[in-house]
Amino acid sequence: STDWVGRCFRSIREIAMLPHVKVIIASRPILFMDIRRHGWEAADCPRMEVHLLDREQIRQWCANYSAARGGALELTLEFLDRRGLVDVARTPLILYMIAQVLEDRPGAFCERRTFGRSEVYQLFVDWTVTGGYVGEAQKHRVPQEFRSILQETAWLISSTGRSFAEEDWLLSELRRRYGSEVDSVPVDRRLFVAHMLQPTGSEVTPHSDERRLVEFTHPSFREYLVGERVWGTLERARSQGMLSPESWAEQCTRGLTAAETEFLIDMVLRLGRKEAHDLYRVLDGADNVHLYWTQWLDPLWDTLGTNPSESSIKDLRGRVAATATRACYAATLAFLLRVKAHAVLRRQVSGDTCFDVPSPPDCRSLHNLLRLQDTLPDKGAAADSRSILLQNLEDLYLEPGSRLSCHSLDSLVVQNASLRGINFSGSEWHGADVRGSDLREAAFDR
């Protein structure tokens, strides 16, 4: 049964009710970064960290859940093992998602293949967009475009820089795109289904208006759906044989977070050979940050005219700075996805003489990105973009003899990379993680 969950909750609640005791429960360590950074962890303020589930705990979770459902559900550690899901299902949330999908669709996790983290989320969203109520009648209709609506909702909330958004604003933005009805289903708060989105209280504006707030029930749902929204653009590009500059620019109006990027990378790593090759090809050039200057800056110069005013020049400076930031976002994401697609191709065609692996991503693209990040006016955006770039370069392959000198590579993560013969002279490497990488004949002289 689920009594074990209740017992844990009651224990925490009892502790919290003691005098002079405060309990904070959070799934994100980042919430406590400032506490750690400033050394505020006093002896009388202990911190308990919840670690990922081990195999025995996963076995127990599955047994408890199956027992609560009458024992009819085939959810065991061995079931997960056969599908490569044990390393993915190390948290109760993902186990819950697997269980919900499996209970309603027993054949969803077929035994003939393994599954990645993004695929578990994909199957859970598949289940969600059909109503998503195990053993119950659907409470209300959802439109055929419900998946797109969820993606747009995730994008809109994420674009605010917060984990939640004001409900009326969110609905007005959705109606602006989809209209007041979709498939005769009103675009209203009933679209915010209970297991995917939830109210999160309200906030009072300076004019004393109380506004309802809404958020995803777990941040990873929002992060996955943002990744899926970008992935939809890439899938259309693969099928059409080209990436529309307009559609790619629309996906790069802001930088993706590390978690959103991780979902996209996982999607790439699950591709077959042809799909990986097509993705690699359509992103060719999209990782060259200099190309965006011509595409995006020329129209800005045209707005100046022959006798620009001081205000128009000031406005242009701001727009040029924003354009540089967007170019950095677009090129960074394209470069990372090309690195991962190339890694997929190298693994899948190893020993296959009938298929040629294309040339690896150009080292100059990486060099130019790092240079731009050093000079971006928006230092926060530059730091975020650089962190995401340098910490996701596992399996990087660069042509021997390439040059990547005079860069700060302190946070570089390039495990299992091929960097043979690369010239790193003048670059800083303190703290870089290069485990399993080939660095033979590489130059490090200052």
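1. Asp-278 is buried in this predicted model, its relative accessible area being 10%, and its carboxylate is engaged by Lys-274 in a salt bridge whose closest N and O atoms lie 2.8 Å apart. The two partners differ in their surroundings, since Lys-274 counts as exposed, with a relative accessibility of 57%, whereas Asp-278 falls under the 20% limit for a buried residue. Both belong to helix H12 (residues 273–282), where a spacing of 4 residues separates them by about one helical turn.

2. A similar pairing of a buried acid with an exposed base is seen at Asp-433 and Arg-435, which form a salt bridge with the closest N and O atoms 2.7 Å apart. Here Asp-433 is buried, at 16% relative accessibility, while Arg-435 is exposed, with a relative accessible area of 58%. Salt bridges that share partners also occur in the model, and they join Glu-152, Arg-177, Arg-229 and Glu-250 into one network.

3. The side chains of Asp-126 and Arg-147 also meet in a salt bridge, with an N to O distance of 2.6 Å. This pair links distant parts of the chain, as Asp-126 sits in helix H6 (residues 117–128) and Arg-147 in helix H7 (residues 146–159), 21 residues apart. Asp-126 counts as buried because its relative accessibility is 18%, and the cut-off for that class is 20%. In total, the structure holds 30 salt bridges, of which those named in this note are examples.

4. Glu-152, one of the members of the network described above, is located in helix H7 and is buried, with a relative accessible area of 11%. Leaving aside residues up to four places away in sequence, Glu-152 touches Leu-174, Arg-177, Tyr-178 and Arg-229. Arg-177 and Arg-229 from this list are also named in the salt-bridge network.

5. Which residues bring H7 and helix H9 (residues 219–240) together, and at what angle do these helices pack? Their axes are 8 Å apart and enclose an angle of about 110 degrees, which makes H7 roughly perpendicular to H9, and the crossing is left-handed. On the H7 side the contact is made by Arg-147, Leu-150, Gln-151, Glu-152, Ala-154, Trp-155, Ile-157 and Ser-158, and on the H9 side by Arg-222, Tyr-224, Leu-225, Val-226, Glu-228, Arg-229 and Val-230. Sorted by class, the contact of H7 with H9 has 8 nonpolar, 2 polar and 5 charged residues. Among the charged residues of this contact are Glu-152 and Arg-229, both of which belong to the salt-bridge network, and Arg-147, the partner of Asp-126.

6. A second helix pair worth describing is that of helix H5 (residues 92–104) and H6, which pack at an angle of about 50 degrees with their axes 9 Å apart. The two helices are therefore oblique to each other, and their crossing is left-handed. From H5, the residues Leu-93, Ile-94, Tyr-96, Met-97, Ile-98, Gln-100, Val-101 and Asp-104 meet Arg-117, Val-120, Tyr-121, Leu-123, Phe-124 and Trp-127 in H6. By class, the residues of the contact of H5 with H6 divide into 11 nonpolar, 1 polar and 2 charged. H6 is also the helix that carries Asp-126.

Note on methods:
Residues numbered from 1 in each chain as written. Predicted model: local features only at pLDDT ≥ 70, side-chain atom pairs only at ≥ 80, totals over all residues. Heavy atoms only, no water. Salt bridge = Lys/Arg side-chain N within 4 Å of Asp/Glu carboxyl O. Buried < 20%, exposed > 50% of the residue type's maximum accessible area, 1.4 Å probe, protein only. Axes fitted to C-alpha atoms, helices over the stretch in contact; angles between N-to-C directions. Parallel < 35°, antiparallel > 145°, perpendicular 65-115°, else oblique. Left-handed = near helix turned anticlockwise from the far one by under 90°. Contact = heavy atoms within 4.5 Å.
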